[in-house]
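Please walk me through this protein model, beginning with one of its turns and working outward to the whole fold.

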Amino acid sequence: MIDYSIRLLNDEDEAILWNILYYAISVPDGDDPLPRDIVNQPELSQYVKNWGSRGDSGFLAVNVTDMPIGAVWLRQFTRGNEGYGYVDDLTPELSIAVIPGCRGEGIGTALLDKMFGSYKKNISLSVSDYNPALRLYQKFGFHVVGTKGNSLTMLLDREGRIS
């Protein structure tokens, strides 16, 4: 069992999120890892670039030596600047990752509990259909609202305004 704590992300955490973002990218079992600089591609960098903008929020999990081991965060995207899990201009998109070696310890669940305890509106996300985290998102009430290839757009509809 890993000993860790969770704190709010702040404006100075952008560098940490760049590292965590890499682990949010799902690669099928048996495939080679992607190059670390993939996070610099515009469609991925928008999840972290200029962190601390209006509407950004999230939490960071750190171990007892204060090393980041996971994070969950929300970013607001708009039409014309959509994220992979874009639903509409009012629904922020969730990103989450736990570093390898710390997965399967309940850290992702704890991060989601913290996020959903503080944010009470609709949230969307994108997940590959082969990603084991899909079951976790379903457990929290996310449902599929769109597909593109093997990528699923999911929504946690807390406001009843999207079907």
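S2 and S3 form a hairpin in this predicted model, and four residues lie between the two strands. One residue of that turn, Asp 66, has a positive phi of about 70°, although Asp 66 is not a glycine. Most residues other than glycine have a negative phi. Asp 66 sits in the loop between S2 and S3, and Asp 66 counts as exposed because its relative accessibility is 54%, where the cut-off is over 50%. Asn 50 is another residue other than glycine with a positive phi, in this case near 60°. Asn 50 belongs to the loop between helix H2 (42–45) and S2.

From the turn, the two arms of the hairpin can be followed into the sheet. S2 and S3 are paired in the antiparallel sense, over six bridges. S3 also pairs with S4, again in the antiparallel sense and over six bridges. Ala 71 of S3 is a useful place to look at both pairings: Leu 60 stands opposite Ala 71, and Ala 71 in turn stands opposite Ala 97 in S4. S3 is mostly covered, with seven of its eight residues buried. In a regular strand the side chains alternate between the two faces of the sheet.

Part of the cover involves helix H1. The buried residues of H1 are Leu 17, Ile 20, Leu 21 and Tyr 22. What do these buried residues pack against? They pack against H2, S3 and S4. An α-helix has 3.6 residues a turn, so residues three or four places apart point the same way.

Tyr 23 is also in helix H1, but Tyr 23 is not in the list of buried residues of that helix. At 25% relative accessibility Tyr 23 counts as partly exposed, because buried means under 20% and exposed over 50%. The contacts of Tyr 23, leaving out residues up to four places away in sequence, are Arg 36, Ala 97, Val 98, Ile 99, Pro 100 and Arg 103. Among them is Ala 97, the residue of S4 that stands opposite Ala 71. Tyr 23 and Ile 96 are 73 residues apart along the chain, yet their C-alpha atoms are separated by 8.6 Å.

Just before H1 comes Asp 13, in the loop between strand S1 (4–8) and helix H1 (14–24). Is Asp 13 buried or exposed? Asp 13 counts as buried, because its relative accessibility is 3% and the cut-off for buried is under 20%. The side chain of Asp 13 has polar partners there. Its side chain makes a polar contact with the side chain of Arg 7 at 2.8 Å, and the Asp 13 side chain also reaches the backbone nitrogen of Asn 10 at 2.7 Å. Apart from residues up to four places away in sequence, Asp 13 touches Arg 7 and Leu 8.

The next topic is the nonpolar interior. In soluble globular proteins, nonpolar side chains tend to be buried together. Here the largest nonpolar core has 45 residues, and the members that touch the most other members are Trp 73, Leu 94, Leu 112, Phe 116, Tyr 137 and Phe 142. The elements that give two or more residues to this core are H1, strand S2 (57–63), strand S3 (68–75), strand S4 (93–98), helix H3 (107–118), strand S5 (123–128), helix H4 (133–139) and strand S7 (151–156). Phe 142 serves as an example. Neighbours within four places in sequence aside, Phe 142 is in contact with Phe 116, Ile 123, Ser 124, Leu 125, Tyr 137, Met 154, Leu 155 and Leu 156. Two of these partners, Phe 116 and Tyr 137, are themselves listed among the members that touch the most others.

That leaves the protein as a whole. There are four helices and seven strands, which follow the pattern β-α-α-β-β-β-α-β-α-β-β along the sequence. The radius of gyration is 15 Å, which agrees with a compact globule, because a chain of 163 residues would then have a value near 15 Å. The C-alpha trace spans about 45 × 35 × 30 Å along its principal axes. Of the 163 residues, 42% count as buried. Among contacts with a separation of 6 or more, 61% join residues 24 or more positions apart. The protein exposes about 8,700 Å², and carbon and sulfur atoms supply 49% of that area.

Technical notes
Residues are numbered from 1 along each chain as its sequence is written. This is a predicted model: local features need pLDDT of at least 70, side-chain atom pairs count only at pLDDT 80 or more; totals for chains, interfaces and linings use all residues. Side-chain values use heavy atoms; hydrogens and water are left out. Buried means under 20% relative accessible area, exposed over 50%, partly exposed in between (1.4 Å probe, protein chains only). A polar contact is a pair of N or O atoms within 3.5 Å; within protein, one must be able to donate a hydrogen and the other to accept it, and residues adjacent in sequence count only if both atoms are side-chain atoms. Contact means heavy atoms within 4.5 Å. A nonpolar core is a set of buried Ala, Val, Leu, Ile, Met, Phe, Trp, Tyr and Cys residues joined through side-chain atoms within 4.5 Å. Two strands pair if DSSP finds at least two bridges between them. The radius of gyration is taken over C-alpha atoms; the globule rule is 2.2 Å times the number of residues to the power 0.38. Accessible areas come from the Shrake-Rupley method with a 1.4 Å probe; for residues, only the protein chains shown count as cover.
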